[in-house]
Protein chains: 2
Amino acid sequence: MTLRVQKYGGTSVSTTNNIKKIAEKIAEDYSKGDDFVIVVSAMGETTDELINLAKQISDNPDLREMDKILSTGENISSSLLAMCFHNLGIEALSLTGAQAGISTDSFFSKAAISDIDPARIILEIEQRKIVVVAGFQGINDEKELTTLGRGGSDTTAVAIAASMGADICEIYTDVEGVYEADPRLIPNVSRIDRISYEEMLELSSEGAQVIHSRAVELAMVNKTPIFVGSTFSENKLGTLIQGSIDMENHSKVRGITHDRNVARITVSGVPDVPGIAAKIFAPLADSGISVDIIVQNTGFEGQSDMSFTVSEDSLDNALVHTEAIATELGARNVTGDASLAKVSIVGAGLQNSPGYAGTMFKALDLAGVNIEMITTAEISITCVIKQESVEAALNALNEAFLVNNTS
Amino acid sequence: MTLRVQKYGGTSVSTTNNIKKIAEKIAEDYSKGDDFVIVVSAMGETTDELINLAKQISDNPDLREMDKILSTGENISSSLLAMCFHNLGIEALSLTGAQAGISTDSFFSKAAISDIDPARIILEIEQRKIVVVAGFQGINDEKELTTLGRGGSDTTAVAIAASMGADICEIYTDVEGVYEADPRLIPNVSRIDRISYEEMLELSSEGAQVIHSRAVELAMVNKTPIFVGSTFSENKLGTLIQGSIDMENHSKVRGITHDRNVARITVSGVPDVPGIAAKIFAPLADSGISVDIIVQNTGFEGQSDMSFTVSEDSLDNALVHTEAIATELGARNVTGDASLAKVSIVGAGLQNSPGYAGTMFKALDLAGVNIEMITTAEISITCVIKQESVEAALNALNEAFLVNNTS
């Protein structure tokens, strides 16, 4: 018996008609004997409508109350899907995050799952019911409702799949899997049929919108295979993300990715004593601000410059914290720079293969793209650039790495 | 320090502007030192919109899923109100029914409150926070979300007030209290300033829309005073419902009420042996169908006819149960009659005062209103009539009892 955890995003459940179609598709596989846990997002525009409602009252609504409001969206869509199964004569029920046993920490609006107790889900599955779980939400130790922030429903699905030892976690969305680069920006890119967690992690953390990096990380740790496919596509094409890396794909650029939501903070003239980094980044972490790329240069006279990137929408908040600590540390000044972006090339073994970095920098240079920061990881090389240079950069990198990559 | 529990209905919280106004009104009293628990219904049309969404999927949606969907409405409005208090610089938080400690039985869509544990509310009130509770909902022993059905938010408010020993439970609606009859149907009726639980119970169970009888019953048992007033009215007029009955108001008709949602089931030719009533009504009770008026006549040959009323929308369901048991009992036949209504006169001591019943029947007869069933209680006399006769009956009873009642 195959246990399949499936996740359907907001566009997949945008109307009651779409929800009915999803139920019919699942019913067909259910009748062949597979067991199902279905994780759903809120219907289409629901989340935006709820945010607008709150904005009518406050420009800066309380995060706890906001989570209570936003979590209603998934409660509704999950119940509607359960009703569709009833119409088809299939026993089914929906569960809130709390009922599904999803415990989180207390960072409202961006909570992390701390534990899943799948006892209730298992009980229902054993009776051959289809269990529909409201994605994106959980409950903390004080019984407060929390939401998981960006990529929350993907993370819910993978976490449930991992906790139950599911055979596969299927993420359904509006594209047929993961592509080498964004097909809306670069024509004729190919779909990736199989990819390792590590490579996918680089692609998704660097901005690929198909699946969120949190979900991939969780899957990697728990060795849960993920399939990414299109909800309403007739063919069953998509991308399988799993542990083993095909040997012949080592040392190749597997994908190009970008993220327009980048801002940089630079702290200049920091006295170069041990523990400076911790002092700067601990208060940011405590405030739930994610820091992405960090670059530190030690300059003359024992002072160093430290630059790091955060998401553009957390720049203001991050600046407040950074300025406070910079004053304390005796740094010279702090500057913030919005409207940046990053482009990356991703592939297993890139760092150990000579030439990729050089080819990348040269391609960007020829395209007139100025590089603001560079960072390299095991399987990716990332350049921070101006937002307006993203398309030029992507085309240049596509020419340099992917066009001749179809061997 | 005065602890006030207030309830605001759907029209009171129909827009974010109205919600802001309510917050400002409460803030004024809060600043004088009173403590507040606020119970809210869903915003205006929200409940209808959610029902429509479900109807797009199923004409007969699963009640458990429906409760999960409907309870989202109050979660949203309660959070929005809490945000308004934050804007005013007042510490406040919203709680779901479950977070507020409201336990119910498992009759989805019409659950009864089984227990309230106000520990969390008390904890927050002690810190001078305003606590906003989502009305109309609770949680059963299996952690399933339930809704309380008609009058649910009134009941939530009274139950919380009773469990906390609140000084007063204030029910705010779109009319300035309880009137002797429906002012939309009969002109120049007077508002009742003070009324006993018993009289109010008769008024509300007989169809007065201002406050639901479940809430009044609960208040009576717990001796919780209730004030009914208008949300946005500048004056503080309204009706106080409490234990003591003013002596001078005994033996007077205090109000006239009606209910258009009445259907009758008649079981004819029932063998007249002991325990018949229990056999007929137990399965109805088990299905959560409320039976209102019951009339039994023993006829010739040891057979009796039994008639009883249910709400019109539960007629079909009640007929199914009744026909099954009637067959088992060897009754002759079962008939159902929709489109009935009832009108009642209400006043303490009516039954022991001669003449009221006769005056009522005569007034209806003169107005051409046919009486289908009669039932009398300690403080009310009720006639079941055809739905189309309601206005004629109300006018006739107003003429007969209220017009000369202003002594």
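1. Two residues are in contact if their C-beta atoms, placed from the backbone, lie within 7 Å. On that basis A:Ile168 touches A:Arg4, A:Pro225 and A:Phe227, residues up to four places away in sequence being left out of the count. The model under discussion is a predicted one.

2. A:Ile168 belongs to strand β9 of chain A, which covers residues 168-173. It has 17 C-beta neighbours inside 10 Å and therefore counts as partly exposed; a buried residue would need 20 or more, and an exposed one would have 12 or fewer. A further relation concerns A:Gln6: although A:Ile168 and A:Gln6 are 162 residues apart along the chain, 8.3 Å separates their C-alpha atoms.

3. Two helices of chain A, α1 (residues 16-31) and α3 (residues 63-87), pack with their axes 9 Å apart and at an angle of about 55 degrees. Angles of 65 to 115 degrees count as roughly perpendicular and those under 35 degrees as roughly parallel, so α1(A) and α3(A) are oblique to each other. The crossing of α1(A) and α3(A) is right-handed.

4. On the α1(A) side, the contact between these helices is formed by A:Thr16, A:Ile19, A:Lys20, A:Ile22, A:Ala23 and A:Ala27. The α3(A) side supplies A:Leu80, A:Leu81, A:Cys84 and A:Phe85. Sorted by class, the residues of this contact comprise eight nonpolar, one polar and one charged.

5. Strand β3 of chain A (residues 92-95) is covered on both faces. A:Ala92 and A:Ser94 lie on one side, A:Leu93 and A:Leu95 lie on the other, and all of them are buried. This strand pairs with strand β6 of chain A (residues 130-134) in the parallel sense, over four bridges. Within β6(A), A:Ile130 is the bridge partner of A:Ala92.

6. The remaining point concerns the interface between the chains. Here 27 residues of chain A are in contact with 27 residues of chain B. On the chain A side, the elements that give two or more residues are α1, α2 (46-55), α3 and β3. Which of them gives the most to the side of chain A that touches chain B? It is α3(A), with 14 residues. By class, the chain A side of this interface holds eleven nonpolar, ten polar and six charged residues.

7. Two elements recur in these points. Helix α3 of chain A packs against α1(A) and also contributes to the side that touches chain B. Strand β3 of chain A pairs with β6(A) and is likewise among the elements that give two or more residues to that side.

Methods. Residues are numbered from 1 along each chain as its sequence is written. Chains are lettered from A and ligands numbered from 1 in the order in which they are written. This is a predicted model: local features need pLDDT of at least 70, side-chain atom pairs count only at pLDDT 80 or more; totals for chains, interfaces and linings use all residues. Axes are lines fitted to C-alpha atoms, for helices over the stretch in contact, and angles run from 0 to 180 degrees between N-to-C directions. Angles under 35 degrees count as roughly parallel, over 145 as roughly antiparallel, 65 to 115 as roughly perpendicular and the rest as oblique. A crossing is left-handed if the near helix is turned anticlockwise from the far one by less than a right angle, and right-handed if clockwise. Ala, Val, Leu, Ile, Met, Phe, Trp, Tyr, Cys and Pro count as nonpolar, Asp, Glu, Lys and Arg as charged, and the others, Gly among them, as polar. Two strands pair if DSSP finds at least two bridges between them.
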